[in-house]
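Thanks for making time this morning. I would like to take you through the interior of one protein chain, beginning with the empty spaces and then turning to the packing around them.

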Amino acid sequence: MQQISHDTLFEADRLPISISPQVAENMDRILTSIRQHLRMDVAFISEFLGSGRMFRTVDTAHPVAGVSAGAVLSMASGYCQYVVEGRLPELIPDTSAVPLALTIPETYALPIGAHLSVPIRNDQGAVFGTFCCFSHRAMPELGAPELELMHIFSRLVARELSEDVTRDRQHRSKINRVHAAMWGGDPKIVFQPLFRVSDGAVTGVEALSRFPTLSDTRPDQVYAEAHAVGMGGTLEMLAARRAVALCRDLPDELLLHINVSPHTLMTEDLRKTLHGFDPRRVVVELTEHDPVEDYEGLILALHPLREAGMQVAIDDAGAGYSSLRHVLMMRPDVVKLDVTLTRHVDTDGLRKAMAAALVEYARRTGTIVVAEGVETEAELETLRELGIDEAQGYHLGMPEPIGELLKDMN
Ligand code: G
Ligand code: MN
């Protein structure tokens, strides 16, 4: 018999997928109807989790000890793995006639007299788990028609599950990508200088993450993926810690800008991350692409940082639909004009008017305005006329490793 590789059938240990309520309800219905139709004692759907299998949903005529939804059993203790590997038949009308079945503990423990089990596979053939029925006594009357019914219902279950399985796979693939990047040494930190527009002096540097390990994905996209799987805060704090460590030799008068999302700010202790770096030299750039729901919590989380002397900047102002609200709610020390407002500000009257409005706001409130993404001398000239305080962009200085930046500044 052809040897089937274990790896192609079973994934490594992992957590169960999350099944949406409607799908769970449909699976329960399927299970109950097949069990009653076949007059079996127990029907269940199991999910393979590597070395274990979990009973996702169970339907029994009478309660059976050890067989309940949510229970996780060793893969080795039951029939499922043998069936999927082809070592046991899918249909066993009488377990006492099958020598391998008599070596399985469950045959006696439950007990199992007759057993029907078919794999639940997705369109690519990957095994989710099994769809099973058994009865305590042997049922010699079971045959091909009953098995065929099991196959039909198993395909039905697979179709029900496919969306949840796909979502779970995408979720895990994001986690794996972020892990891979971190193991590869990412994020690497580069620094881009900020310049005072009036005299061209460097006022500080912004720490920016780069992910060479995931070279086909933009840094903001990596962060979006990380946030989607709950790893955004870890990544942001890792970047901040590295930035701080790299800035030991940064001249004292220069500020260090770091990017932090509101969610991270509320869940991580940024002061610990700074590891002794003078908080009065730190500007926290609040980057947010989703609406902030809990301004009160955010303001509360920022309070001790501001008390310690950190400044707060609103990043990408003028980009998101909530960024002006953001400015009003947070009363930042610095507003950073989004690159979409800077681009062509010299030729586009609308952008110019918007930038002028923000400068007016800043003048009245004592806020500093920084234009991001300045790429031409003409843009810079217009920003100077408008009274923008500081500027940043490829035209003025590229993001680069700290060593090169310090060399360039001398
Ligand atoms: O979200 P935030 O504004 O912090 O991100 C800044 C990003 O913009 C960085 O990835 C940086 O490399 C990039 N950037 C910096 N200067 C320029 C520029 O002049 N033009 C463009 N297109 N991008 C820039
Ligand atoms: Mn920024």
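In the second largest cavity, the largest share of the lining comes from α5, which gives four residues, and I should say at once that we are looking at a predicted model. That cavity has a volume of about 50 Å³, and its lining is made up of Ile120, Arg121, Asn122, Phe128, Ala158, Leu161, Ser162 and Val165. By class, these divide into five nonpolar, two polar and one charged, and β5, residues 114–121, joins α5 in giving two or more of them.

The largest cavity holds about 70 Å³ of space, and of the eleven residues that line it, Arg14, Val127, Phe128, Val165 and Arg169 are the closest to its centre. Here too α5 supplies the largest share, four residues, while the lining as a whole has five nonpolar, one polar and five charged residues.

Turning to the packing, the largest nonpolar core has 47 residues, and helix α7, residues 232–246, gives the most to this core, with six. A second, separate core of 28 residues includes Val165, the residue we have just met in the linings of both cavities.

Finally, consider helix α11, whose buried residues are Ser323, His326, Val327 and Met330. Seen down the helix axis, these fall within an arc of 100 degrees, so they line one face of α11. They pack against β10, α10, β11, β12 and α13, and just after the helix Arg331 takes a positive phi of about 45 degrees.

Note on methods
Residues numbered from 1 in each chain as written. Chains lettered and ligands numbered in written order. Predicted model: local features only at pLDDT ≥ 70, side-chain atom pairs only at ≥ 80, totals over all residues. Heavy atoms only, no water. Core = buried A, V, L, I, M, F, W, Y, C linked by side-chain atoms within 4.5 Å. Buried < 20%, exposed > 50% of the residue type's maximum accessible area, 1.4 Å probe, protein only. Arc of directions from axis to C-beta. Contact = heavy atoms within 4.5 Å. 1 Å grid on protein atoms, 1.4 Å probe; cavity = no way out; pocket = protein on both sides within 12 Å on 5 of 7 lines; lining within 4 Å. Points joined across faces, edges and corners; volume = space filled by probe spheres on them. Nonpolar A, V, L, I, M, F, W, Y, C, P; charged D, E, K, R; others polar.
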